[in-house]
Protein chains: 4
Amino acid sequence: MEFNNNIPIYLQIIDNIKQDIVVGKLKAGQKMPSVRELAGTLKVNPNTIQRVYQELDREKITYTKRGMGTYVTEEEKTISSLKEELSKKIILNFVEGMNKLGFSNKEMINTLKEYL
Amino acid sequence: MEFNNNIPIYLQIIDNIKQDIVVGKLKAGQKMPSVRELAGTLKVNPNTIQRVYQELDREKITYTKRGMGTYVTEEEKTISSLKEELSKKIILNFVEGMNKLGFSNKEMINTLKEYL
Amino acid sequence: MEFNNNIPIYLQIIDNIKQDIVVGKLKAGQKMPSVRELAGTLKVNPNTIQRVYQELDREKITYTKRGMGTYVTEEEKTISSLKEELSKKIILNFVEGMNKLGFSNKEMINTLKEYL
Amino acid sequence: MEFNNNIPIYLQIIDNIKQDIVVGKLKAGQKMPSVRELAGTLKVNPNTIQRVYQELDREKITYTKRGMGTYVTEEEKTISSLKEELSKKIILNFVEGMNKLGFSNKEMINTLKEYL
DNA sequence: GTGGTCTAGACCACA
DNA sequence: GTGGTCTAGACCACG
C-alpha cells in the first residue's frame, strides 16, 4: 500500500479499515491482525498501528481485549451508522466545495453525471 | 474569518482566495491587498500571508511586482482552468470516496439528490 | 560556511546541496541532516533550513517522510538531469552574456581558453 | 523590454546600458536620454532610472551635468576596461560554476563547444 | 527526535 | 509603502 504524504499515515490506515468494515471485507466480531503483524504488512512503525487501534477503539468501531487482540465491534448498528456517517461526510464535502465554487445544486449534479 | 484548526491557516487562506477568484469576487489583474494589510484584516502574522502569496505566485494565479504589490493574474485561461481543476478535485474525492464505500454510480447520484 | 550577502542564504544553501548531490558527495537515498542539525552546523535559523528542504522537496530532489527525516531522491534520473540542468544554465549565462558583449562564438572559446 | 522578475529592474537596465556602451551602440560622450524620457520608454518608475544613472555615475561610466543631462564618459579607457571587466565576470562565473559541478577544464570547454 | 506551522518582530531592497 | 528574508522561539503532529 502506498501512502499519500500529505495526510497522516495513521488516518489513511483508519480510513481503509473503516472502508473494509463498511463493505464487509471485515465482518462484525472478526479478529483484527495484531499490531506487530499489521505494522509488518504495511511496513509502518508499530506505534502508528497502535494509534490506529486506539482511535478505532475510541470510536467504538473496534474493541480490544487485553492479551487477546483487537476485534471489530459486534454491534451491527455501529457498522451501519458508520456507513451513513462516512458517506454523509463525503457528500457534505462535495456539496460545500461545489457551492463555494459557485455551482448551483443543478449544476453540480449535471457536472457529476458528466464526469461519470 | 475563522480557521479550521486542523488545516494550516495558510492553506485555508489560499483556498479562500482561489474561490474568490473563481467566483469573480477577485477579478483578473486586480490588485490584492498588501501583505501587511491582509495580515491585519485576517489577524494573522504577515509571514503567513507572505507564504500565501508566494504559493499563489508559484501557481501563476497571482503575480508580484517588486515594491508594487501582488496582482491577480491577467490570464483568463489560468482562471478558468483553476475552476476546472478545483471542481475536478472535489468531484474526484466524491466519486472515489463513495466508490470505496461500495456505492455504484447510480446509487451515489441518488444519494446526492436525496441530500439536496 | 560563509554566505554571500547579496543572495538569500536559503538559495545559497540549496545550491550547495544540489552541487553536493551532483558531484556525489550526497548519494541517492541518503538521509540528509535533520533541520535542526543542519541549522546548527550552518549557524542559521531552523526556519531557513526548513525552507531549503521544502524547496528541494518541491523540485523532487529530496523527499521527506513525516517524523522520519529528509532524504536524497532515489531516482538517479532526477540527479543526472539535475546536473544537466545546472550546467545548461551556467553555459547559457556564459554564451548569452558574451554574446551581448559582442563576442563571436570563436572569440568566446578563445577568451575562455586564454583564461584557463 | 521585458524584465526578469527575479533581478532588480535597475540592475537589468544598468546591465543593458553597459552592454550598449561596450558594443558601441552608445558612444563616448554621447548624451543619454533624460530620466523622464527613459522612464517613459521603458515604462518604469522615474525613481528607478534615477538610481540607474546615479549608479552609472558612481562607476564613472557616465557623468551628469546639472541641468544638462547625463552623458557617456569620454574616457575610452573606462569603456575598454568596462568590456574586460564584464567579460571577466562572466568567464569567472562560468568557470567557478562548472568547477563546482565537477567539470574539469577540458570537460567544460568540450561541453561548451558541444553546445555552440 | 523529526518535520510543519505560526507568531513576533526586525532589517533590507525596491519602486 | 511594498514584498523578501531572516532570526528567535514556540507549539504541534507524527513515527
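**Figure 1. A:K60 is an exposed residue in this predicted model.** With a relative accessible area of 61%, A:K60 counts as exposed, because exposed means over 50%. A:K60 is found in the loop that runs between α3 (46–58) and β1 (62–65) of chain A. Its backbone deserves a look. Phi of A:K60 is near 65°, a positive value, yet A:K60 is a residue other than glycine. Most residues other than glycine have a negative phi.

**Figure 2. B:K60 in chain B also has a positive phi.** The value is about 65°, although B:K60 is not a glycine. Where does B:K60 lie? B:K60 lies in the loop between α3 (46–58) and β1 of chain B. Is B:K60 buried or exposed? B:K60 is exposed, and its relative accessible area is 60%.

**Figure 3. B:T62 is a buried residue in a strand.** B:T62 has its place in strand β1 of chain B, which covers residues 62–65. Its relative accessibility is 3%, so B:T62 counts as buried. The cut-off for buried is under 20%. Which side chain makes a polar contact with the side chain of B:T62? The partner is the side chain of B:D57, at 2.5 Å. Leaving aside residues up to four places away in sequence, B:T62 touches B:Y53, B:L56, B:D57, B:T70, B:Y71, B:V72 and B:T73.

**Figure 4. Chain A meets chain B.** Chain A gives 26 residues to the contact, and chain B gives 26 residues. The two chains bury about 2,500 Å² between them. Of that area, 85% lies on carbon and sulfur atoms. Which residues of chain A lose the most area to chain B? They are A:I91, A:L101 and A:Y115, together 25% of what that side buries. Three helices of chain A each supply at least two residues of the side that touches chain B: α1 (9–22), α4 (76–100) and α5 (105–115). The largest share, 13 residues, comes from α4(A). By type, this side of chain A divides into 15 nonpolar, seven polar and four charged residues.

**Figure 5. Charged and polar pairs between chain A and chain B.** How many salt bridges are counted between chain A and chain B? The count is zero. Polar contacts across this interface also come to zero residue pairs, with both residues required to have pLDDT 80 or more.

**Figure 6. Chain A and chain B are related by a rotation.** A turn of 179°, with 0.2 Å of shift along its axis, superposes chain A on chain B. The RMSD is 0.3 Å. That is the relation of a two-fold axis. In chain A, which C-alpha is nearest the axis? It is that of A:F94, 2.9 Å from the axis. The same surface serves both copies, because 100% of the contact residues of chain A recur in chain B.

**Figure 7. Chain D can be laid on chain C.** The operation is a turn of 179° and a shift of 0.1 Å along the axis. The RMSD for this pair is 0.3 Å. In chain D, the C-alpha nearest the axis belongs to D:F94, 3.0 Å away from it. The same surface serves both copies here: 100% of the contact residues of chain D recur in chain C.

**Figure 8. A:D20 pairs with A:K25.** Side chains of opposite charge can pair when their charged atoms come close. A:D20 forms a salt bridge with A:K25, and the closest N and O atoms are 3.7 Å apart. A:D20 is partly exposed, with a relative accessible area of 23%. A:K25 is exposed, at 60%. Over all chains, the structure holds twelve salt bridges.

**Figure 9. C:E59 forms a salt bridge with C:K18.** Their closest N and O atoms are 3.1 Å apart. The pair links distant parts of the chain, 41 residues apart. C:E59 is in the loop between α3 (46–58) and β1 (62–65) of chain C, while C:K18 is in helix α1 (residues 9–22). C:E59 is partly exposed, with a relative accessible area of 27%. C:K18 counts as buried, at 6% relative accessibility.

**Figure 10. D:E59 forms a salt bridge with D:K18.** The closest N and O atoms of this pair are 3.1 Å apart. D:E59 sits in the loop between α3 (46–58) and β1 (62–65) of chain D, and D:K18 in helix α1 (residues 9–22) of that chain. The pair links parts of the chain 41 residues apart. D:E59 is partly exposed, at a relative accessible area of 26%. D:K18 is buried, at 5%.

Conventions: Residues are numbered from 1 along each chain as its sequence is written. Chains are lettered from A and ligands numbered from 1 in the order in which they are written. This is a predicted model: local features need pLDDT of at least 70, side-chain atom pairs count only at pLDDT 80 or more; totals for chains, interfaces and linings use all residues. Side-chain values use heavy atoms; hydrogens and water are left out. Contact means heavy atoms within 4.5 Å. Buried area is the accessible area (1.4 Å probe) that two parts lose on being put together, summed over both. A salt bridge is a side-chain nitrogen of Lys or Arg within 4 Å of a carboxyl oxygen of Asp or Glu. A polar contact is a pair of N or O atoms within 3.5 Å; within protein, one must be able to donate a hydrogen and the other to accept it, and residues adjacent in sequence count only if both atoms are side-chain atoms. Helices (H or I, at least four residues) and strands (E, at least two) are DSSP runs, numbered from the N terminus. Ala, Val, Leu, Ile, Met, Phe, Trp, Tyr, Cys and Pro count as nonpolar, Asp, Glu, Lys and Arg as charged, and the others, Gly among them, as polar. Copies are superposed by least squares on the C-alpha atoms of residues with pLDDT of at least 70 in both. Buried means under 20% relative accessible area, exposed over 50%, partly exposed in between (1.4 Å probe, protein chains only).
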